[in-house]
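The following exercises concern one structure and are to be solved in order. Each task is followed by a worked solution.

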Amino acid sequence: MTVSALAAVVVMLGIAPLLPGVAVRTKSLLTGRHGAPVLQLYHDLWKLLHKEPVYSTTTTWIFRAGPLLVLAALLLAAFLIPLDGRAAPLSFAGDLVAFAGLLALARFALVLAGLDTGSSFEGMGASREVTVAAFAEPALFLCFTGLVLATGSVSLSGMLGTPLGEMWPRAAPSLTLVGIGLFVLLLAENSRGPIDDPATHLELTMIHEVIVLDHSGPDLAVILYGSALKLGLFGALVVSVFAPRAGLSAPAAIAILALGLCIVAVAVGIVESVTARLRLVRVPQLLVGAGVFAAFGMILLLA
Amino acid sequence: MQTAPQLVLLFVVLSDFAVLGTTRLTTCIRALAFQGLLLAALPLMLASHFSTHVVLLGLGTLVVKAFVLPRFLTWAIREAAVRREVEPLIGYVPSLLLGVLALGLGFAMSARLPLPAGREALLVPVSLTTVIIGLLVLTTRRKALTQVVGYLMLENGIFLFGLTQAESVPFLLELGVLLDVFVAVFIMGIVVFHINREFDSLDSARLTELQD
């Protein structure tokens, strides 16, 4: 465990709430509005942390445990990604499965907390969230398989760390395809872009936002922060694939990560501005498409 | 390793998948036109030296595959007033998965073929994949126009395979093939037009109702 790896995690935890703000600002500018300040989420989190949580009498401890479990799982997942471009603070063979498992655990906790309220809207949102995830997860593993084949390593640090930079000149097409697949997954997993509309306020059309309707105060703050962190983690995967930073000094690598994350957030904003939201029946098709990209990259590597 | 032809071949495969995954006929035709454009660029990129043969082949492909045929198909969908492929025999998600299978099959088969060395390595697998996906579109879609698109993709795949021999196949033969395709699509367009006028639909399954 090196200092630079820990510093990278700290930077990541710090700038995560910036990313949704950047995406929203991009969207506002592209649609000719002024939009909320980029730092809005920091203010929101601060405000929510000072509020008193309100719990419905129908909810049980599951509802209260949900947000904490979400945050814990995502924090642990943050320690598995080599954010400084070299090695993660935590790394072992097969940690990519642990990463996917932690994300699934976070989603499970969120969905369970939503179902615990007994509200039919949240039940619907939960069902949609899980449906999207069921299609996103195989695609995520296909992307990971592509990276494993490219680098010959089965840990996230090995995959996204040193060997990736050396592979780019030889396997540029496959890595690009895998990177595009990961970006589509980023949109799906974080309920952005053509899959979900983070700005909607109609319960019938929401996916992610509707599950957290009953959370309030610090609980909501934790969940909002968790979503921002998840966006950051997926962004870090995309940035690591497109910009291997092993050869750079640690501060430069972390700075490039931060810059890359902002670029990813801008890209998310652009995608959200130029595409209409997909009908729910078309969402699996998009996610299978992402899987096809990854599989194509994989086959190119095998050939 | 040459990267420009590789990139072009990658885009050919992506346009195959675009045709497999879209419901809108205009998008299908645009993807096909894009594929035609890529195919026109390939002979120029792969040739070791520029000859009139190669340039004419590229130009002929460009005119026929990237402009004339797509324009003609666009005219046909406007005449027939169809926009979408409704309920293909195999749904979009399964057909995308079958497309991946076709891709794997294309690569696996080309690894076993005794091919002359020194060619662009991706050319044969991509051509086989395009042929299989073209066949898939041709057989599993119901609308006559999508079937024409499938037929053209099939032909594009054969064209790609022919590029491995581009310097040894006589120019006249290639122009003949191009002309054949043009005429075939022309006839198909007229047939499509008549199917539409006769049955008020482009569903080729209705042709079983034909009686004398």
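**Exercise 1.** Determine in which helix A:Met298 lies, and decide whether A:Met298 is buried or exposed.

*Solution.* In this predicted model, A:Met298 belongs to helix 12 of chain A. The next step is to count the surroundings: 25 other C-beta atoms lie within 10 Å of A:Met298. A residue is buried if that count is 20 or more. Therefore A:Met298 is buried.

**Exercise 2.** Leaving aside neighbours within four places in sequence, identify the residues in contact with A:Met298. Then state the separation of the C-alpha atoms of A:Met298 and A:Ala236.

*Solution.* With those neighbours set aside, the contacts of A:Met298 are A:Leu142, A:Thr145, A:Gly146 and A:Leu149. A:Ala236 is 62 residues from A:Met298 along the chain, and their C-alpha atoms are 21 Å apart.

**Exercise 3.** Describe the contact between chain A and chain B.

*Solution.* On one side stand 10 residues of chain A, which are in contact with 16 residues of chain B. Helix 12 of chain A, residues 283-302, contributes the most to the chain A side, with eight residues. By kind, that side of chain A comprises eight nonpolar residues, two polar and no charged.

**Exercise 4.** Characterise the largest nonpolar core, and list the contacts of B:Val149 beyond four places in sequence.

*Solution.* The largest nonpolar core holds 149 residues, and those with the most contacts inside it include A:Ala294 and B:Val149. Helix 10 of chain A (residues 217-242) gives the most to this core, namely 15 residues. Beyond four places in sequence, B:Val149 touches B:Val19, B:Cys28, B:Ile29, B:Leu32 and B:Val137.

Methods
Residues numbered from 1 in each chain as written. Chains lettered and ligands numbered in written order. Predicted model: local features only at pLDDT ≥ 70, side-chain atom pairs only at ≥ 80, totals over all residues. Contact = placed C-beta atoms within 7 Å. Helix = DSSP H or I, 4+ residues; strand = E, 2+ residues; numbered from the N terminus. Nonpolar A, V, L, I, M, F, W, Y, C, P; charged D, E, K, R; others polar. Core = buried A, V, L, I, M, F, W, Y, C linked by C-beta atoms within 7 Å. Buried ≥ 20, exposed ≤ 12 C-beta atoms within 10 Å, placed from the backbone.
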